[in-house]
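Visitor: I'm new to reading protein models. Could you take me through one small part up close, and then show me what surrounds it?

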Number of protein chains: 2
Amino acid sequence: MIEFCCHCGDRVSLSIPEGDDRQRHVCGGCGAIHYQNPKVVTGCIPEWEDKVLLCRRAIEPRRGYWTLPAGFMENGESSHEGAAREAHEEANARVRITGLYTLFSLPRIDQVYLFFRSRLLDLDFSPGIESLEVSLFSRDEIPWDDLAFQVVYETLRFYYQDRDGDGFRVRSGTIERTGRTSSDYRLQLI
Amino acid sequence: MIEFCCHCGDRVSLSIPEGDDRQRHVCGGCGAIHYQNPKVVTGCIPEWEDKVLLCRRAIEPRRGYWTLPAGFMENGESSHEGAAREAHEEANARVRITGLYTLFSLPRIDQVYLFFRSRLLDLDFSPGIESLEVSLFSRDEIPWDDLAFQVVYETLRFYYQDRDGDGFRVRSGTIERTGRTSSDYRLQLI
């Protein structure tokens, strides 16, 4: 929640700036408009032969559950560089990004998730500070019921569907919550 | 530039939080860490028969130059909804988004650009408040030398390349500035 102006320290209040169509936090002192925009989460599918690398989360949310390496994209990097950085931070893994695979908007939490396909360059990986363990899984070994996030589940589901089918193609869409539990959601592809 | 904490109004300073690897703006009062992350710009290619809709910008930067409708993605929407919203705001145009087309990172200015393909639903369009004029262009009519942004030029270039070739496929990559003028840049696809 924004209460004060980050430029001058004065109080902000909600109002609709001229020419705009929605409320923004506007500074009562210097007049600065403080826009809030979605954040990009970028990650990858590290592939090794018929296996993919997953990390078991050491931090909340979803501590103890398995995920693909991913995290907030940083200023000054490209989205695929961020995906490779996250593989290194969470799994001490070196990957070569090979292409965009999924783009999912999560409007409820103001995030855009990107997952890239990637090649794991060697087997010298280990848990980073945000992971309890890191391991390679074949399709049958993947802990489908213990995946941390819907975006990870859907990305891996498409991944195997495409691998067994007509080849990989980029998927984009929206994930919306439809109920109270984490399994109550709808993915709408475009 | 962040000088004050938006939560408590106290002064912030740059320091590396524990467990982090880069400087952040940290509040001296409440300790809040103020992360800064790239913004998503989302837009579309509105198609009508063999033409696409472009807008001539009424605002800086690049006032007077032509662009595809695009703008900052808002909280609470999905990226393709944002692309359709921008077509409506900038050109009073109604489009149906048909698929992701390009994803370009611009690390120098901390932006991620998304362009979606889209179908223009009718010819009842007109300049929005941010446009001087709005018009449909066939390939030969496109003002290639008067396009506002590199991302627009590259997206349209791929668009016609794919349309004349083996069909459309999603392109992603990074655009980096290599010199002082707006034509000094390198697009690196992944």
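Guide: Sure, let's start with one serine. The side chain of Ser131(B) reaches the backbone oxygen of Glu90(B) at 2.7 Å. That is a polar contact, meaning a pair of N or O atoms within 3.5 Å; within protein, one must be able to donate a hydrogen and the other to accept it, and residues adjacent in sequence count only if both atoms are side-chain atoms.

Before going on, a word on the ground rules: this is a predicted model, where local features need pLDDT of at least 70 and side-chain atom pairs count only at pLDDT 80 or more, while totals for chains, interfaces and linings use all residues. Residues are numbered from 1 along each chain as its sequence is written, chains are lettered from A and ligands numbered from 1 in the order in which they are written, and side-chain values use heavy atoms, with hydrogens and water left out.

Back to our serine. Ser131(B) sits in strand 10 of chain B; helices (H or I, at least four residues) and strands (E, at least two) are DSSP runs, numbered from the N terminus. With a relative accessible area of 8%, Ser131(B) is buried (under 20%; exposed is over 50%, partly exposed in between, with a 1.4 Å probe and protein chains only). Not counting residues up to four places away in sequence, Ser131(B) touches Cys55(B), Arg56(B), Ala58(B) and Glu90(B), where contact means heavy atoms within 4.5 Å.

Now hop to another serine, Ser138(B), in the loop between strand 10 (131-137) and helix 2 (150-164) of chain B. Ser138(B) is buried too, at 13% relative accessible area. Leaving aside neighbours within four places in sequence, Ser138(B) is in contact with Asp50(B), Lys51(B) and Tyr160(B).

Let's zoom out to where the chains meet. Chain B and chain A each put 43 residues into the contact. About 3600 Å² is buried between them, 55% of it from carbon and sulfur atoms; buried area is the accessible area (1.4 Å probe) that two parts lose on being put together, summed over both. There are four salt bridges between chain B and chain A, each a side-chain nitrogen of Lys or Arg within 4 Å of a carboxyl oxygen of Asp or Glu. One salt bridge joins the side chains of Glu74(B) and Arg24(A), at 2.6 Å from N to O. On the side of chain B that touches chain A, the largest share, six residues, comes from strand 8 of chain B.
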